[in-house]
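Please look over the sequence and the structure shown here before reading on. The paragraphs below then go through a few places in turn.

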Amino acid sequence: MAAVEAETGPLNLESLPTNPLLLILSFVDYRDLISCGYVSRRLSQLSTHDPLWRRHCKKYWLISEEEKSRKNQCWKSLFIDTYSDVRRYIDHYAAIKKTWDDLKKYLEPRCPRMVLSLKDGACEKDLDAVEAQIGCKLPDDYRCSYQIHNGQKLVVPGLLGSMALSNHYRSEDLLDVDTAAGGFQRRQGLKYCLPLTFCIHTGLSQYIAVEAAEGRNKNEVFYQCPDQMARNPAAIDMFIIGATFTDWFTSYVNNVVSGGFPIIRDQIFRYIHDPECVATTGDITVSVSTSFLPELSSVHPPHYFFTYRIRIEMSRDALPEKACQLDSRYWRITNAKGDVEEVQGPGVVGEFPIISPGRIYEYTSCTTFSTTSGYMEGYYTFHFLYFKDKVFNVAILRFHMACPTFRVSIARLPPKC
């Protein structure tokens, strides 16, 4: 500072600029100041170098080389144009867009009707209008997804999966934002909850909490579970299935596109296959998938309903004389307390299937637990068709069932002292 005063005279603090960077530059020699100007111009030139924007276009907007060629724009202008449209979603867009792209690519050859049921994206004005209608802000990742596809038409099968038992059927559609807003909850027990899905057969919905209220965290996704033992209608427990919209949607789609959820007759069935629960006895392989049904379950009283799907298959390489028929089943069912129930009976679901080389037989059944988890194991008894007196058992490995994490309604919690 003394050297500066010696060259320029006493320092007048009032004449110095208030911008810190300008303050620093005010002490720089003119030759260095010229160099700074050159560096600034050079940086400005380099920042317009188009290949630098290629990585950002691919990272944030998933813009492909083909799309760039089709639009006949440089990478920088593509980034800026997209940024001007969806800048508020820059932290969500790539993950949500990739999830939608993966889902449609997987479903188009398998469930074309389902893909055709998807609606075009909603515009920002429509989403703003819904926020004004419900008096709450929508999560940004939800808005981002609905800009890509505004839900689906109310059709069967639903995009969010199906479940079928002998006397029960569920298929959940992804609601468009206007229909969801019409179902926005303000009543006690579901305050500030927006439905994401709807099943026209059961009336079941999955909800997202757009505000933190009644013990729920903001943006949590859940199935409601009315407390059947409470007199207070606001006593609604919740089976939590996602911490955020992104968590909920991407985890579901990952299960679909990885083959974790089977496609059966143009529908997505939400059975979770356990790759470790596959047992081969001779030429017969038995595998199991399971699913939790929230609409048939309750926390109070404790009643947790599960369905399981069994696949019985005989190897294509088996000899023809290995053809056989299922006679009976044996189950050993154990809940989380260690209580055991044994079940033995003829056939399965009233049938006595014949298994021959290359043939597959599948069926669904169900069980309930008074605890949040449990497991089953057992065996089938078969007899050979060509040697009817010769019987043998086919093992069913132990498979586990557990309900999602749940939270008890604050309406039934005892008051704090």
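What follows deals with aromatic pairs, a charge over a ring, a contact between helices and one residue in a strand.

The model is a predicted one. Its count of aromatic pairs comes to 28. One of them joins Tyr60 and Phe79: the ring centres are 6.5 Å apart and the planes stand at 75 degrees, so the pair is edge-to-face, since planes over 60 degrees apart fall in that group. Tyr60 belongs to helix α4 (residues 51-61) and Phe79 to helix α6 (residues 75-86), so that the pair links distant parts of the chain, 19 residues apart. Tyr60 has a relative accessibility of 25% and therefore counts as partly exposed. Phe79 has a relative accessible area of 11% and is therefore buried, because the limit for buried is under 20%. Tyr60 and Phe79 also appear in a cluster linked by ring pairs, together with Trp53, Trp61, Tyr83 and Tyr93.

A second aromatic pair is made by Phe239 and Phe292. The centres of these two rings are 5.0 Å apart, with 70 degrees between the planes, and the pair is edge-to-face. Phe239 is in strand β8 (residues 236-242) and Phe292 is in strand β12 (residues 284-292), so the pair ties together parts that are 53 residues apart in sequence. Phe239 is buried, at a relative accessible area of 0%. Phe292 counts as buried too, at 13% relative accessibility.

A ring can also have a charge over it. Arg110 lies over the face of Tyr106, at 3.8 Å from the ring centre.

Next comes a contact between helices. Helix α10 (residues 140-148) and helix α12 (residues 245-257) have axes that come within 8 Å and cross at roughly 50 degrees. This crossing makes α10 oblique to α12, because the angle is neither under 35 degrees nor in the range from 65 to 115. On the α10 side the contact involves Asp141, Tyr142, Ser145 and Tyr146, which meet Phe245, Thr246 and Phe249 of α12. Sorted by class, the contact of α10 with α12 holds 4 nonpolar, 2 polar and 1 charged residues.

The last place is Thr367, in strand β17 (residues 360-369). Is Thr367 buried or exposed? Thr367 is buried, as its relative accessible area is 11%. Neighbours within four places in sequence aside, Thr367 is in contact with Tyr304, Phe305, Phe306, Tyr308, Ile333, Met376 and Met401.

Methods:
Residues numbered from 1 in each chain as written. Predicted model: local features only at pLDDT ≥ 70, side-chain atom pairs only at ≥ 80, totals over all residues. Heavy atoms only, no water. Phe/Tyr/Trp six-rings, centres within 6.5 Å; stacked < 30°, edge-to-face > 60°. Helix = DSSP H or I, 4+ residues; strand = E, 2+ residues; numbered from the N terminus. Buried < 20%, exposed > 50% of the residue type's maximum accessible area, 1.4 Å probe, protein only. Lys NZ or Arg CZ within 6 Å of the ring centre and 35° of its normal. Axes fitted to C-alpha atoms, helices over the stretch in contact; angles between N-to-C directions. Parallel < 35°, antiparallel > 145°, perpendicular 65-115°, else oblique. Contact = heavy atoms within 4.5 Å. Nonpolar A, V, L, I, M, F, W, Y, C, P; charged D, E, K, R; others polar.
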